[in-house]
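This briefing goes through the overall makeup, the nonpolar cores, the enclosed space and one buried serine of a single protein. Please keep the sequence and the structure in view while reading.

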Amino acid sequence: MSGALILLVEDDATLGASLRQRLELEGFGVSWARSATEARTLLASLQPAIILSDIRLPDGDGETVMRSHFDRNGLVPTIFMTAFGDIDQAVRLVRAGALNYVTKPFDLDQLIEELQNITRRSLVKEAPADPFANSPAMREIGQMLKRAAATDMPVLLLGETGTGKEVAARYLHASGPRASAQFVPVNCGALPADLADSMIFGHERGSFTGAVGAHRGFVEETEGGTLFLDEIGDLPLPLQVKLLRVLESREYRRLGGSDTRNFNGRIVCATNQDLAALVAEGKFREDLWFRINVITLQLPPLRERGSDIGGLLKAFVASAAQKAGRLPPEIGAEAIDAALAHRWPGNIREMINRVDRAVALGNDTVLTARDLFPDGSIARSEPRAQPVDDTLSAAREAAERAQIVSALAKTDGSLKDAAELLGVSRTTLWDKMRRYGVGDQ
C-alpha cells in the first residue's frame with residue numbers, strides 16, 4: 001500500500017468493486033465495508049486517512065456510524081455518498097464533521113481529485129512534540145540549542161550515529177530568527193570526491209568538462225538560512241580550506257569563478273568522529289577545528305537515556321501505526337523491560353526501524369518483546385562492576401535504581417506518575433534519581 005488508506009463503506013457490490021479498483025489504481029489503500037456492522041468492525045482496528053461512505057446501508061446508516069466514530073476518535077476527513085441527497089441532510093452532515101457530500105451518480109474523476117487534495121493537505125502535519133523535553137539531560141541540550149539559535153556562532157554537534165544530530169540541527173534552526181529561511185543538510189561523507197567542491201560551493205560554466213552551465217552550490221542555496229554539514233570529519237582537506245574562509249570572512253567563490261560572493265547564513269557541523277584525533281593524524285585542519293568548536297554539544301547515546309525510552313517507544317509506535325493505517329498496539333511491560341535492557345548500538349535510528357517492523361509484522365493489540373527483538377538477541381549493556389564488599393546496601397541501591405528507571409520508562413518520564421507507581425513522594429523520587437544518576441541529574 002503506497003497511498004493513504006481509505007475506508008470505503010458501500011453496500012452496492014458493483015459500485016463498491018468499481019470504486020475500490022479505481023482507488024487502488026490511483027495509489028490509495030482501500031478497506032471495503034459492505035454494511036454498518038462491517039464498518040464498525042473495521043474502525044475498531046483501523047485508522048483510515050479518509051472515509052468514503054454511503055448513507056443508507058442494509059443494517060443502518062453511514063451517518064450514525066461516523067458520528068459514533070468521531071465522538072470516540074476525533075474527526076476524520078469524510079465524504080458521504082447517497083442517491084437520496086438533499087440540502088438539509090448535507091448541512092447536517094457537514095456540521096457533524098463531514099468534509100463533503102456527493103449525490104449519486106457523481107463525477108468519479110472529480111471525486112478522485114478531491115481525495116488526492118485531502119491526502120496532500122494531510123501531509124502538512126502539526127509540529128512534532130519537543131524532542132528535547134523528556135529527560136533532564138535532553139532538556140538541558142534543548143535549552144542550549146535555543147540559546148545558541150539566537151546567535152550566529154558556529155555549533156558543533158557530537159554523538160554516535162543515530163543519536164539525532166540532524167534533529168538537533170533542525171531544532172536549532174527552527175528556534176531562531178532564521179526559521180523561515182532554508183535549512184540545507186549536507187552529508188560530507190556521501191559527496192563524490194570529484195564533485196564535492198562543485199556541490200558545496202557551486203561552479204561556473206566551463207569550469208570543468210561537462211560544466212555546460214553555472215551551478216549554485218549548497219553554500220549559495222542556504223541564502224540566510226542554516227547550512228548543516230554532517231560528518232564534517234570526512235570533508236576533504238582542500239575543501240576544509242575553503243570552508244575556513246567562509247567561516248572567517250563570510251566569503252567564497254564558485255569553482256572556476258573569479259567573483260567573490262558573500263555568505264549570510266549560519267553553519268552547524270556534526271560528527272561521530274574524534275576531531276582532535278583526526279587533527280593529530282593530519283586528517284583535519286586544526287584551525288578549522290578551532291573555528292567550528294565554539295558552541296559544542298554532545299548528544300548522549302540512547303543507552304544512557306533510560307527515562308526517555310518509554311516515551312520514545314510510545315511515540316514511534318503511534319507513528320508506525322499511523323503509517324500502517326491502524327490503531328497503535330499497547331506496549332507490553334516485557335517489551336519495555338527488553339528495551340531498557342537493550343544497548344541500542346544504533347540509537348534512535350535503530351529503535352525506529354525495530355518499531356516499524358514490530359508494528360507491521362506483530363500482534364495488532366499488544367507489542368511484545370519478541371516483536372521488537374524477533375531473533376531474541378538483545379544487546380545488553382555491560383554489567384556494572386560489583387562493589388568490593390558486595391554489601392546488602394549496594395545490592396539494594398542497584399535494585400532501587402533499576403526499579404526507578406523502569407517506572408520512569410513506563411510513565412513516559414513523568415515524575416508524578418512514577419512516584420505514584422513506586423509508592424513514594426516526588427521529593428523522595430527526585431532525591432534518589434539524583435543520588436543514583438538516573439536521567440543524568
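Contact here means that heavy atoms lie within 4.5 Å. In this predicted model, the contacts of isoleucine 267, leaving aside its neighbours within four places in sequence, take in Pro154, Val155, Leu227, Leu229, Leu243, Val246 and Leu247. The points below place that residue in its core and then turn to the cavity and to serine 53.

**Overall makeup**
- The protein is built with 19 helices and 16 strands, and 44% of its 441 residues count as buried.
- Among the contacts in the protein with a separation of 6 or more, 67% are accounted for by residues 24 or more positions apart.
- The area that the protein exposes is about 22,500 Å², of which carbon and sulfur atoms supply 51%.

**Nonpolar cores**
- The largest nonpolar core has 30 residues, and Ile267 belongs to the group with the most contacts inside this core, together with Leu227, Leu229, Ile232 and Ile292.
- Helix α10, which covers residues 237-249, gives five residues to this core, and that is the largest share.
- A second core, separate from the one just described, has 24 residues, with Ile309, Leu312, Ala358 and Val359 included in this set.

**Enclosed space**
- Rolling a probe the size of a water molecule over the atoms shows where empty space is left.
- How many cavities of 30 Å³ or more does a search of the whole structure find? The search finds one, and the largest cavity holds about 40 Å³ of space.
- The lining of the largest cavity is formed by Ile200, Phe201, Val219, Leu227, Leu229, Leu235, Leu239 and Leu243, which divide into eight nonpolar residues, with no polar and no charged ones.
- Two or more residues of this lining come from each of the elements α8 (196-201), β10 (226-230) and α10.
- Leu227 and Leu229 thus appear both in the lining of the largest cavity and in the group with the most contacts inside the largest nonpolar core, while Leu227, Leu229 and Leu243 are also in contact with isoleucine 267.

**Serine 53**
- Serine 53 has its place in strand β3, which spans residues 50-54.
- Is serine 53 buried or exposed? Serine 53 counts as buried because its relative accessible area is 0%, where buried means under 20%.
- Leaving aside its neighbours within four places in sequence, serine 53 is in contact with Val9, Gly62, Met66, Ile79, Phe80 and Met81.

Note on methods. Residues numbered from 1 in each chain as written. Predicted model: local features only at pLDDT ≥ 70, side-chain atom pairs only at ≥ 80, totals over all residues. Heavy atoms only, no water. Core = buried A, V, L, I, M, F, W, Y, C linked by side-chain atoms within 4.5 Å. Buried < 20%, exposed > 50% of the residue type's maximum accessible area, 1.4 Å probe, protein only. Helix = DSSP H or I, 4+ residues; strand = E, 2+ residues; numbered from the N terminus. Areas by Shrake-Rupley, 256 points an atom, 1.4 Å probe, with all protein chains shown as cover. 1 Å grid on protein atoms, 1.4 Å probe; cavity = no way out; pocket = protein on both sides within 12 Å on 5 of 7 lines; lining within 4 Å. Points joined across faces, edges and corners; volume = space filled by probe spheres on them. Nonpolar A, V, L, I, M, F, W, Y, C, P; charged D, E, K, R; others polar.
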